[in-house]
Amino acid sequence: MSNNTNSTNGHSDRDLGLWFLEQSRLGSARVPTDMDEDEEAPTELNTINSSGGFLVVSPDKLSAKYTNVNLHGHDVGVVQANKPAPVKRLVYYFEIYVKDAGTKGQIAIGFTSESFKMRRQPGWEANSCGYHGDDGLLYRGHGKGEAFGPTYTSGDIVGGGINYASQEFFFTKNGAVVGTVPKDMKGPLFPTIAVHSQNEEVNVNFGQQPFAFDLKEFEAQERMKQQRMIEKFSLPTVSHGIVRSYLLHYGYEDTLNSFDMASKTTVPPVHIAQENGFDEQDVVFALTERKTLRQLIRNGEIDSALGKLREWYPQIVQDDKSATCFLLHCQKFIELVRVGALEEAVKYGRMELAKFFGLPVFEDLVQDCVALLAYERPQESSVGYLLEESQREVVADTVNAMILSTNPNLKDSQSCLHSYLERLLRQLTACCLERRLLSGDQGEAFHLHRVLNSCKKARC
Amino acid sequence: MSLFWIVVHQLAEIEAMAASKKVITREDWEKKLKDVKIKKEDMNKLVMNFLVTEGYVDAAEKFRKESGTEPDIDLATITDRMAVKKAVQCGNVEDAIEKVNDLNPEILDTNPQLFFHLQQQRLIELIRNGKVEEALEFAQEELAPRGEENQSFLEELERTVALLAFEDVSNCPVGELLDISQRLKTASEVNAAILTSQSHEKDPKLPSLLKMLIWAQNQLDEKAAYPRINDLSTAMLEDPTV
């Protein structure tokens, strides 16, 4: 037993365990996630600024019809979406269905800026672009079109999209990509449609109906392109060492032993550790104790875990108002609820949790814990996340970090909190987010969660 | 300093700022790093994916128990896959082919290149063991017909047979075929084919993510100076050079 008696460690900085309080609530639906789907997307046509008199928008605001007789180039019936195309994603896309090409079929689909002149075809003016049905040309910022794709008419489904990764507009006809053009416009861009001869009528689909175009596949291909480029980078052989340090950091001792055993017998044998710069001594610290405590907590045996902590690392549990003690008490309470010992839970809560009420950092979790009592089936409630395995894991991770922090050879208190793997993943996420921030917020962020759940069958 | 020079100096400063990249201090960057939300269970999944894909079956089993992470593939299939891989690594190619077919006969049926490489490896092992006659017979009967179907197979076959022309293979131009690396190459090809047949990615995700980190840092370099991680094995943040 490595009983650390001499280490209060001189760390006067804030309680390391507090960091885990935040972690403990990551599973809660009440905590906003940083997935970007908070951006509002277009849902209907904007009837307020559309060119009055030239076209009629249906009551559901999803179709437009030209009812006049067109006389010149300044009586186009133009209508924008009610919101600009969202930018924090890989691709934005919408479609129109040409219900009636009218007398001349002068329909257009495209993107325009907010200040667009609503009597002109998209593409004819600066800061706009449009794919026109009567000639199949693409117009970008002036009255002369460029060769682009086929014409389209009654019965066709035509789509317009923005690919933020390649910074291109693309258009489709009946589910197939027609072509792409560079997106040289800045600022919010509104999906826009135009009709310009008698009886022309189009329906617009902002995603409320399935698209004719396979957007998911298009996105997958786009991600694959990026992936192929990334795969070209050469990587020093660090993966094995990073996995190993992760197992060490969290005290997964049995896994580590199997991993090391297998590594010795692989052909060729994997050489790791010291030469890769891993500082073994620091993380092997108290490995067996950390493993034992993790097992106890994962089994829900919180009392035993507390007992062992008092015996081995009294300094960690001596302050009963520390984040670590708090999390352990919460977990004990949760375990009582899990087995249906509600009376005992109430008693325990009064004794150990009540004192944390009103303390800002603890309050959210206390409230969630107590809320468990309100439900007949707490698993299915909004605080059901507390009963998941991952909650035990967070508590185990807290204790693990606190034990690591008692290491007298510790150089950097941050190293107790984060494994190398986690630091690398944080850096990766932060780099991607920062780059997007500096690129006008355009494009997709990196989410580990999505990468893990994406394309199992993809052959990258 | 005259007012004129002060103005000139200030203008120069403004110009320099506009031209230079955004500078993110360590303090600001650490705050951004702290705000990133990474779930422990996702990291566990990433580690499990590595163990499973690389064939650490015992470690994967232990990790399932210790962390509660479910593997994304039936662990029993790892054992079979590793047995095939090991057989090739040890030069027991016939044994490996039999095992692959036991696992799923479609793997070799639908993958002529892999089948050819296994047969080629078999030829290499015969030559290594000095079984000249057997090797020749095998080359003519089993490999030559396949070479007729495919030009690149034919070239590889000729290269392999060339081993027979040299008494001291350690010094001959095609000697690398006898190297352990050739076995490992074939073994990892079989490994990948089996994983693919199990609808599993043939490579673990971790190395791709690490490459992505290198790429993402390079991309951000164009726009900003910020603390980088240059040594992946220590994950140490290094201050930006301004």
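Okay, let's start where the two chains meet: chain B and chain A bury about 6600 Å² between them, and 67% of that is on carbon and sulfur atoms. One thing to keep in mind throughout is that this is a predicted model. If you're wondering why I opened with an area, the size of an interface is often given as the accessible area lost when the parts come together.

So how many residues are in contact here? On chain B there are 66, and they are in contact with 77 residues of chain A. Across that interface, the rule finds five salt bridges. One I'd like you to look up is between A:Asp397 and B:Lys40, where the closest N and O atoms are 2.9 Å apart. Then there are the polar contacts, with 26 residue pairs found across the interface, both residues at pLDDT 80 or more.

Which parts of chain B supply the side that touches chain A? At least two residues each come from helix H2 (26–35), helix H3 (40–53), helix H4 (57–67), helix H5 (75–89), H11, helix H12 (205–221) and strand S3 (228–229). H12(B) gives the most, with 16 residues. As for what kinds of residue sit on that side of chain B, they divide into 32 nonpolar, 13 polar and 21 charged.

Right, now let's move to helix H8 of chain B. H8(B) has 17 residues and reaches 24 Å from its first C-alpha to its last, close to the 24 Å expected at 1.5 Å a residue. Of those 17 residues, 13 are buried, so H8(B) is largely enclosed by the rest of the structure. After the helix comes B:Gly130, and its phi is positive, near 75 degrees.

Let me pick out one residue in there. B:His117 lies in H8, which covers residues 112–128. Is B:His117 buried or exposed? It counts as buried, because its relative accessibility is 12% and the cut-off for buried is under 20%. Leaving aside neighbours within four places in sequence, B:His117 is in contact with B:Glu156, B:Thr186 and B:Glu189.

Last stop, a loop. B:Leu178 is found between helix H10 (151–161) and helix H11 (180–197) of chain B. B:Leu178 is buried too, with a relative accessible area of 16%. What does B:Leu178 touch, not counting residues up to four places away in sequence? The list is B:Ile124, B:Arg128, B:Leu163 and B:Val169. Take B:Ile124: 54 residues separate it from B:Leu178 in sequence, yet they are 6.7 Å apart in space, C-alpha to C-alpha.

That's my tour, thanks!

Definitions and conventions: Residues are numbered from 1 along each chain as its sequence is written. Chains are lettered from A and ligands numbered from 1 in the order in which they are written. This is a predicted model: local features need pLDDT of at least 70, side-chain atom pairs count only at pLDDT 80 or more; totals for chains, interfaces and linings use all residues. Side-chain values use heavy atoms; hydrogens and water are left out. Helices (H or I, at least four residues) and strands (E, at least two) are DSSP runs, numbered from the N terminus. Buried means under 20% relative accessible area, exposed over 50%, partly exposed in between (1.4 Å probe, protein chains only). Contact means heavy atoms within 4.5 Å. Buried area is the accessible area (1.4 Å probe) that two parts lose on being put together, summed over both. A salt bridge is a side-chain nitrogen of Lys or Arg within 4 Å of a carboxyl oxygen of Asp or Glu. A polar contact is a pair of N or O atoms within 3.5 Å; within protein, one must be able to donate a hydrogen and the other to accept it, and residues adjacent in sequence count only if both atoms are side-chain atoms. Ala, Val, Leu, Ile, Met, Phe, Trp, Tyr, Cys and Pro count as nonpolar, Asp, Glu, Lys and Arg as charged, and the others, Gly among them, as polar. The expected span of a helix is 1.5 Å times one less than its number of residues.
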